[in-house]
Amino acid sequence: MKTLRLAAFLLPLYALPAANAYADYYKIYSPEVNEGEVSAEANLNYSADNSKNLDHYFSQVYGLEYGVTNFWSTEIEAEVEKSSAMSTRLTNLKWENIIAPFKPGEYWVDTGLYMEFEKSVQDNMPNNAEAGLLLEKRIGDFTNTANIIFGHNFGPNAVSGVDNGFSWRTKYHVNDMFEPGVEYYSNIGKLNRVDDFNRQDNVLGPVIQGHFGDITYNTGVLFGISESAHDITVKFNVEYEF
């Protein structure tokens, strides 16, 4: 049985050639699936910057997720964006999947696979495919989670090459309603041409998360620590389980 689960976990890595550094919104994924769970979520991010072309960026991603089996969950999402150069509009439709073939704590580190297909609804914008590795390790009251994501654009105005990115979260469990932590996101660049640090999109900041009954939240403030990143981003992610 473990062999079959391992095969189901590794096969998509060969089937999906590449994946964009990380999703447009700031979210870190745990390698965890709850069979039969249905949930709706909203991921909101507002970014401000001294540079006019980066200022007043607002991303809204709304999704509906279902735990198909005890190791596979799937989600359909829609993204609405607004910037200083663009009015509010629907920009992308997304199909997101998490495969977690092993139970939490079964091995030294919890491991999962993330896959996403993003279809642009704007005629002049490219589509995107993503795949990546989800890692999580609990040590006492601390939980450390890492996402390593690869991405590939295709379609109109696509940029050739494979993007890669990394995100990290460390949180401390005070109680179920309050878990303070810190998150870090880095859009490293193309695999064949890694940008120097200041040309990458690197943000870091404090977050809090937890859940009240059927509602789970994650909110915080992220600060740009490289020249290409937004100066400040306020994030608020909320999920409701039916």
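# Exercises on a Predicted Beta-Rich Chain

Ile-139 has its place in strand β6, which covers residues 127-139. Here strands (E, at least two residues) and helices (H or I, at least four residues) are DSSP runs, numbered from the N terminus. The model is predicted: local features require pLDDT of at least 70 and side-chain atom pairs count only at pLDDT 80 or more, whereas totals for chains, interfaces and linings use all residues. Residues are numbered from 1 along each chain as its sequence is written, and side-chain values use heavy atoms, with hydrogens and water left out.

**Exercise 1. Determine the overall architecture and dimensions of the protein.**

Step 1. The secondary structure comprises one helix and 13 strands. In sequence order the pattern is α-β-β-β-β-β-β-β-β-β-β-β-β-β.

Step 2. The C-alpha atoms fill a box of roughly 50 × 40 × 35 Å along the principal axes.

Step 3. The radius of gyration is 18 Å, which agrees with the value near 18 Å expected for a compact globule of 242 residues. This quantity is taken over C-alpha atoms, and the globule rule is 2.2 Å times the number of residues to the power 0.38.

Step 4. Of the 242 residues, 45% count as buried. The classes are buried (under 20% relative accessible area), exposed (over 50%) and partly exposed (in between), with a 1.4 Å probe and protein chains only.

Step 5. The protein exposes about 12200 Å², of which carbon and sulfur atoms supply 63%. Accessible areas come from the Shrake-Rupley method with a 1.4 Å probe; for residues, only the protein chains shown count as cover.

**Exercise 2. Identify the residues of the largest nonpolar core and those of the nonpolar surface patch.**

Step 1. A nonpolar core is a set of buried Ala, Val, Leu, Ile, Met, Phe, Trp, Tyr and Cys residues joined through side-chain atoms within 4.5 Å.

Step 2. The largest such core contains nine residues: Tyr-25, Tyr-29, Val-33, Val-61, Ile-98, Ala-100, Tyr-114, Leu-134 and Ile-149. Another core, of six residues, lies apart from it and includes Tyr-26, Val-203, Leu-222 and Ala-229.

Step 3. A nonpolar surface patch of about 1100 Å² involves twelve names, among them Leu-64, Ile-139, Phe-142, Tyr-172 and Phe-242. Patches consist of residues with over 30% relative accessible area and no salt bridge; like charges are joined within 9 Å, and nonpolar side chains (Val, Leu, Ile, Met, Phe, Trp, Tyr) within 5 Å.

Step 4. Ile-139 counts as exposed because its relative accessibility is 52%.

**Exercise 3. Trace the strand pairing around β11.**

Step 1. Two strands pair if DSSP finds at least two bridges between them.

Step 2. Strand β9 (residues 179-190) and strand β11 (residues 201-212) pair in the antiparallel sense over nine bridges. Tyr-185 has Val-203 of β11 as its bridge partner.

Step 3. Strand β11 also runs antiparallel to β12 (residues 215-224), with eight bridges joining them. Val-203 stands opposite Gly-224 in β12.

Step 4. Two residues separate the strands of the β11 and β12 hairpin, in which Gly-213 takes a positive phi near 60°.

**Exercise 4. Characterise the salt bridges by partners and burial.**

Step 1. A salt bridge is a side-chain nitrogen of Lys or Arg within 4 Å of a carboxyl oxygen of Asp or Glu. The whole structure holds 10 salt bridges.

Step 2. Arg-138 and Glu-32 meet at 3.8 Å, N to O. This pair spans 106 residues, from Arg-138 in strand β6 to Glu-32 in the loop between α1 (2-15) and β1 (38-48). Arg-138 is partly exposed at 42% relative accessibility, as is Glu-32 at 40%.

Step 3. Lys-94 and Glu-118 form a salt bridge whose closest N and O atoms are 2.5 Å apart. Lys-94 belongs to β4 (residues 86-99) and Glu-118 to β5 (residues 110-120), 24 residues apart. Lys-94 counts as buried because its relative accessibility is 2%; Glu-118, at 7%, is also buried.

Step 4. Lys-171 and Glu-179 pair at 3.3 Å between the closest N and O atoms, and both are buried. Salt bridges with shared partners join Glu-32, Asp-110, Glu-136 and Arg-138 into one network.

**Exercise 5. Locate His-56 and Asn-157, and state the phi of each.**

Step 1. Most residues other than glycine have a negative phi.

Step 2. His-56 has a positive phi near 55° and lies in the loop between β1 and β2 (57-67). At 41% relative accessibility, His-56 is partly exposed.

Step 3. Asn-157 has a positive phi of about 55° and lies in the loop between β7 (142-154) and β8 (162-172). Asn-157 counts as exposed because its relative accessible area is 60%.
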